[in-house]
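Me: I'd like a close look at one part of this model, the sheet and what hangs off it. Could you walk me through it in one go?

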Amino acid sequence: MDDTISYGTRSTGHWFKVSTKLVQGGQLQQVVDWEFSKYKSDMWHYETNTMDGTHTTVVLVHNGVFEYSMKQIGWSYYIRNGWYYY
């Protein structure tokens with residue numbers, strides 16, 4: 001995973017971005033850019049560059065990209081009903 005994570009807060013909530021790389025046989029196959037965001041007290045959502053860009057999706061547990069990034073940033077989260085909250 002690429003350790004370059006950008007993150008911040010807006011008036012409406014928190015966000016962070018990270019890119020992941022799929023490598024097979026030493027060759028780069030795909031780069032997926034993730035953007036996670038949270039609106040006020042709502043659960044975390046994400047969208048990627050592989051999605052159609054018309055909506056975000058709720059982050060379900062156990063999303064390794066989400067958990068890794070949150071740990072690197074130093075933000076906490078809790079799980080309720082299978083979703084992540086901050």
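What follows is a tour of the sheet, strand by strand, and then of a loop residue beyond it.

Reply: Happy to, and keep in mind that this is a predicted model. Let's start with the overall layout. Five strands make up an open sheet in the order β1-β2-β3-β4-β5, with antiparallel pairing. At the edges sit β1 and β5, each of which pairs on one side only.

Take the β1 end to begin with. β1 and β2 run antiparallel and are joined by six bridges. One pairing to find on your screen is S6, whose bridge partner in β2 is K17. The connection from β1 to β2 is a hairpin through two residues.

Now for the charged pair. The structure holds one salt bridge, and the side chains that meet in it are those of E35 and R10, at 3.4 Å from N to O. This pair links distant parts of the chain: E35 belongs to strand β3, R10 to strand β1 (residues 5–10), and 25 residues separate them. As a general point, side chains of opposite charge can pair when their charged atoms come close. Are the two partners buried or exposed? Neither label fits: E35 has a relative accessibility of 25%, so it counts as partly exposed. R10 is also partly exposed, because its relative accessible area is 43%. The band for that label runs between the 20% cut-off for buried and the 50% cut-off for exposed.

Staying with β3, look at Q30, which is found in this strand (residues 27–39). Its relative accessibility is 36%, so Q30 counts as partly exposed too. Leaving aside residues up to four places away in sequence, Q30 touches T20, K21, L22 and T50. One of those contacts, T20, is 10 residues from Q30 in sequence, and the two C-alpha atoms are 8.3 Å apart in space.

There is also a nonpolar patch on the surface, formed by V23, L28 and V31, with about 240 Å² of accessible area together. Of these, V23 has its place in strand β2 (residues 13–24).

Over at the other end, strand β4 (residues 44–48) pairs with β5 in the antiparallel sense over two bridges. If you want a residue pair to click on, try Y46, whose bridge partner in β5 is T57. The loop between β4 and β5 is where you will find G53. With a relative accessible area of 52%, G53 is over the 50% mark and is therefore exposed. To see how far this loop residue is from the patch, use L28: G53 and L28 are 25 residues apart in sequence and 24 Å apart in space, C-alpha to C-alpha.

Last stop, N63. This residue has its place in the loop between β5 (57–58) and α1 (64–73). Unlike G53, which is exposed, N63 is buried, because its relative accessible area of 14% falls under the 20% cut-off. What does N63 touch, not counting residues up to four places away in sequence? The contacts are W34, F36 and Y84. N63 also has a polar side-chain atom that lies 2.8 Å from the backbone nitrogen of F66.

Notes
Residues numbered from 1 in each chain as written. Predicted model: local features only at pLDDT ≥ 70, side-chain atom pairs only at ≥ 80, totals over all residues. Heavy atoms only, no water. Patch = residues over 30% accessible without salt bridge, like charges linked within 9 Å, V, L, I, M, F, W, Y side chains within 5 Å. Areas by Shrake-Rupley, 256 points an atom, 1.4 Å probe, with all protein chains shown as cover. Salt bridge = Lys/Arg side-chain N within 4 Å of Asp/Glu carboxyl O. Helix = DSSP H or I, 4+ residues; strand = E, 2+ residues; numbered from the N terminus. Buried < 20%, exposed > 50% of the residue type's maximum accessible area, 1.4 Å probe, protein only. Contact = heavy atoms within 4.5 Å. Polar contact = N/O pair within 3.5 Å; in protein donor to acceptor, adjacent residues only side chain to side chain. Pairing = 2+ DSSP bridges.
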